[in-house]
Amino acid sequence: MLPTLRPLLRRRTVLTGALSLGALAALGTPGRAWAADAPEITDCDSWGARQPTSPVRVLPTSPEKIVVHHTATPNVADYSQKRSLVLARAIQNYQMDTNGWIDTGQHFTVSRGGFVTEGRHESLNSLLGGSETVEAAHCTGQNRVAIGIENEGTYSTVEPRTEQYESLVALCTYICRQYGVDAYQIYGHRDFNATACPGDRLYALLPKLRSDVAARVGGDPVGPMWTVLRPGDTGERVRILQHLLLQHGAQVPVDGSFGPATESALRAFQTRSETVLDGVAGAQTWNQLSTPVSQGAAGQAVRAMQGRLHSLGYDTPVDGLFGPGTRSRVAAFQKARRLPADGSVDARTWSRLLA
């Protein structure tokens, strides 16, 4: 077992015992916070959440993606609303008392019965507002830019119940509408970290989930398809990797050669981001490295994108400044690759630049 897996597995395993406690038996009917087409969501106050041990950080930016998890707890046959409250409290108690986190790690939880509860405080208010993100603790490397959704149960060999899946679709749809997140930006935890979460069967359902959400909000549900780079590779794709490593604080020469220095920098990045530690730039590593950039941005990620556009025949100055000229060339590249020509470089555009 990889060392990076142990905290994740330990966190989820202990929840099994915690859920046997009737912690919320005394609570009355939960309150609901909802708006227009939002799914019904029980807020923290209504399920009796403890207060965070320090202030929750609310960021003045919208999230870029959604990350789907499973709790890896038993697939219980109690589908009641009360069960969803016990689950919410058990998760919070474990993550605060054992992990030492300030509050629940994820933003929302979907119970086996299809009931949705707020996880970290202020997550529901931020969602209803549509312009802020609560910094969470559900996925290393993505906690400032992704909404985390836990699904009660273990989905390694069985699929979620229909009611639970339908609630997940409704919640993801509302998140995408409120924040302008594309349906293709729905991921599983294992897309970023070295973990089995959200289980093989739930992970296999994610293409359907993206398609079902896209059917409601529009857009192409097909996500990025990443090129794999290995030690010994050379060329402009390696330069992109090196620039992006620099963007994330590494010290590595930008020489287009995947040699020992680049491999060492990549392994250090993989350790920090809790991806599979293999020294290979595959999908999981690219998902962590591919910083979105748009007009007004500056730095190594912009240089990486400009250099690749230039090598592909788009006459782009490689100055690290994302101005109107760069934006028009990005849009031209996107149009040629049948992507939405919005002039911004997201994960899907990064993957096409690397193809």
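**Figure 1. Strand S3 is enclosed in the predicted model.** In this predicted model, six of the six residues of strand S3 (residues 65-70) are buried, so the strand is largely enclosed by the rest of the structure. Lys65, Val67 and His69 point one way from S3. Ile66, Val68 and His70 point the other way. Residues on both faces are buried.

**Figure 2. S3 pairs with S7 and with S8.** S3 runs parallel to strand S7 (residues 146-151), and six bridges join the two. Within this pairing, Lys65 stands opposite Ala146 of S7. S3 also pairs in the parallel sense with strand S8 (residues 186-188), here over three bridges. Ile66 of S3 faces Ile186 of S8 as its opposite residue.

**Figure 3. Six strands build an open, mixed sheet.** The strand order is S1-S5-S4-S7-S3-S8. Strand S1 (41-42) and S8 stand at the edges with a single partner strand each, so one side of each has no neighbour in the sheet. Helix H6 (residues 206-217) packs on the sheet and touches S3 and S8. The direction of H6 makes about 165° with that of S8.

**Figure 4. S4 and S5 form an antiparallel pair.** Strand S4 (residues 108-110) and strand S5 (residues 116-118) are joined by three bridges and run antiparallel. Phe108 has Glu118 in S5 as its bridge partner. By contrast, the pairing of S3 with S7 is parallel. The sheet as a whole is therefore described as mixed.

**Figure 5. Glu118 is a buried acidic side chain with backbone partners.** Glu118 lies in strand S5. Its relative accessibility is 5%, so Glu118 counts as buried. The side chain of Glu118 reaches the backbone nitrogen of Cys44 at 2.8 Å. A polar atom of the same side chain lies 3.1 Å from the backbone nitrogen of Ser123. Beyond residues up to four places away in sequence, Glu118 touches Ile41, Thr42, Asp43, Cys44, Trp47, His107, Phe108, Ser123, Leu124 and Asn125. His107 is eleven residues from Glu118 in sequence, and their C-alpha atoms are 6.1 Å apart.

**Figure 6. Helix H7 is covered by other helices.** H7 spans residues 236-247, twelve residues in number. At 1.5 Å a residue, H7 should span 16 Å; its end C-alpha atoms are 16 Å apart, which agrees. Buried residues of H7 are Val238, Ile240, Leu241, Gln242, His243, Leu244 and Leu245. Their cover includes helix H8 (260-273), helix H9 (283-289), helix H10 (300-311) and helix H12 (347-354). Just after H7, Gly249 adopts a positive phi of about 95°.

**Figure 7. Met305 of helix H10 is buried.** Met305 is found in H10. Its relative accessible area is 0%, so Met305 is buried. Leaving aside neighbours within four places in sequence, Met305 is in contact with Val293, Phe322, Thr326, Val330, Val345, Trp350 and Leu353. Val345 is 40 residues from Met305 in sequence. In space, the C-alpha atoms of Met305 and Val345 are 8.3 Å apart.

**Figure 8. Gln306 makes a polar contact from a buried position.** Gln306 also lies in helix H10. At 0% relative accessibility, Gln306 counts as buried. The side chains of Gln306 and Thr326 are joined by a polar contact of 3.1 Å. Outside its neighbours within four places in sequence, Gln306 is in contact with Thr316, Pro317, Val318, Asp319, Gly320, Leu321 and Thr326. Thr326 is also one of the contacts of Met305.

**Figure 9. The whole protein, for orientation.** The protein holds twelve helices and eight strands. It has 355 residues, and 52% of them count as buried. Among contacts with a separation of 6 or more, 67% link residues 24 or more positions apart. The accessible surface comes to about 14400 Å². Carbon and sulfur atoms account for 51% of that surface.

Definitions and conventions: Residues numbered from 1 in each chain as written. Predicted model: local features only at pLDDT ≥ 70, side-chain atom pairs only at ≥ 80, totals over all residues. Heavy atoms only, no water. Helix = DSSP H or I, 4+ residues; strand = E, 2+ residues; numbered from the N terminus. Buried < 20%, exposed > 50% of the residue type's maximum accessible area, 1.4 Å probe, protein only. Contact = heavy atoms within 4.5 Å. Areas by Shrake-Rupley, 256 points an atom, 1.4 Å probe, with all protein chains shown as cover. Pairing = 2+ DSSP bridges. Axes fitted to C-alpha atoms, helices over the stretch in contact; angles between N-to-C directions. Expected span 1.5 Å × (residues − 1). Polar contact = N/O pair within 3.5 Å; in protein donor to acceptor, adjacent residues only side chain to side chain.
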